[in-house]
Amino acid sequence: MLLKLSARYLCLSMLASTCWLPAQAAPAPTVKSPKVVLVSIDGLRWQEVFHGADPEILRNSHFIRHADQLAELPTKPQQLMPFVHQTIASQGMLVGDRRRGSAMQVSNPWHFSYPGYNELLSGFPDPAINSNGKIANPNVTVLEWLNQQPGMAQQVAAFGSWDVLPFILNTERSKLPVNAGFAPMNEQMAGPLTPQLKLLNQLQRQTPSPWAAVRLDVFTQQFALEYLTQKKPRLLYIAYGETDDFAHDGQYDQYLKAIRRTDGFIKELWQQLQSDPFYAGQTTLLISTDHGRGDNASSWQHHASGRAIAGYMKKLKNFVNGVSGSDQIWLAALGPQIPARGLVQTQQPWSQSQVASTVAELLGYDYQAYQYKAAAAIPLGTADEATVQLADRRIVNPADGTGSAPQQSTALTPQ
Ligand SMILES: [Zn+2]
């Protein structure tokens, strides 16, 4: 006790930002042997997640490559993301519908991918991460930290479509098993290759990708599912990428189709988890994104803050004040530790930086005890945030559909 008091006194006498106290034990998980699958869908706007396709963008032939197939496009929320709206909305929780008093945002000052993934995975915004370059992340992610905890060694793995993911997770230092970009699955990660993995490697090699740095998500999906079957990690991270790239390409119809496919991937993933006794009833699914996008029909392709545009993203210089909406994100959660709250109304916007501590807490670990800069876990199960009431709209996004004036589209660095 004396030691504890001394530590507290010492802490009070120091700058808050450098203060460290013995950690409180994380709340006991409500399941016996918890597992977590964290999913990110790159650059998927909350506007499509909650409200479906934007009619104004659909009307712009510039953004629709196959106008003859317009009637077949999934446009309503239930058509675009049926798993999210049927299963997660009724059995889990959703955050980020700003038209209904529910908001989440990034805390980093840049509003593009690497800074977003760093914040999501390390638990704090790092202004020094200001490019999408293949630079080994100086920050330790919650994946790396958990992989070093008792009971979690060799229990963490990651799959991604973007070839920068191994750098974000700093595989050189972390030694995390990561399969991303166009890398084939290898025996070092998966053990002896199954016929399924050999076929996936062959198909990946023989299938053209529309993009130089991002593979089609079907490979990320199928590699991850096979790994899940064979290796059964307790924490799996899957980073889908197609949505962002089709959006940057200005192909709204392909963006919508990618959203629909990704929802299907997540349903497939959930069904596999529920059919496996190792995971069934013990696994929490968290889904979010690395950044938002422009909030109107002229800016939806892009995302960046004004500060980013003054530097790394200077190709977007027409958006002098940044691309409005790029910091707006969303989250979905499903599983035995997630109460069926539906859309959660937020008093203050939740932050991307809360996800890392949330992942750890769901597994029974206190990430803030290690990383004092990490934001606190999201209060997933508490009642301090009322479930949304349609009459009470405290957070409204007036810019939605009526934001900045139309601006010239420009090509830019993806992600
Ligand atoms: Zn992007």
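**Exercise 1. In this predicted model, find which residues on the other side of H5 from its buried ones are exposed.**

Step 1. Begin with the exposed side: Gln86 and Ser90 are exposed there.

Step 2. Now turn to the buried residues of helix H5 (residues 82-91), which are Phe83, Val84, Ile88 and Ala89. Around the axis they cover an arc of only 155 degrees, so they sit on the same side of H5.

Step 3. Look at what these buried residues pack against: helix H2 (46-51), helix H14 (252-274), strand S2 (93-95), strand S9 (331-334) and strand S10 (342-343).

**Exercise 2. Work out why the buried residues of H11 line one face of the helix.**

Step 1. Get the helix in view: H11 (residues 195-206) has 12 residues, and from its first C-alpha to its last it reaches 16 Å, close to the expected 16 Å.

Step 2. Pick out its buried residues, Leu197, Leu200 and Gln204. Viewed down the axis of H11, they fall within an arc of 55 degrees, and therefore line one face.

Step 3. Check the other side of H11, where Pro195, Lys198, Gln202, Arg205 and Gln206 are exposed.

Step 4. Finish with the neighbours: the buried residues of H11 pack against helix H10 (187-190) and helix H12 (217-231).

**Exercise 3. Trace the strand order of the open sheet that three strands form.**

Step 1. The order is S8-S3-S11, with mixed pairing.

Step 2. Strand S8 (328-329) and strand S11 (350-351) are the edge strands, each pairing on one side only.

Step 3. Between S3 (residues 104-105) and S11, which run parallel, there are two bridges. For methionine 104, the bridge partner in S11 is tryptophan 350.

How values were computed: Residues are numbered from 1 along each chain as its sequence is written. This is a predicted model: local features need pLDDT of at least 70, side-chain atom pairs count only at pLDDT 80 or more; totals for chains, interfaces and linings use all residues. Two strands pair if DSSP finds at least two bridges between them. Helices (H or I, at least four residues) and strands (E, at least two) are DSSP runs, numbered from the N terminus. The expected span of a helix is 1.5 Å times one less than its number of residues. A residue is buried if 20 or more other C-beta atoms lie within 10 Å of its own, exposed if 12 or fewer, and partly exposed in between; C-beta atoms are placed from the backbone. The arc is that of the directions from the helix axis to the C-beta atoms. Two residues are in contact if their C-beta atoms, placed from the backbone, lie within 7 Å.
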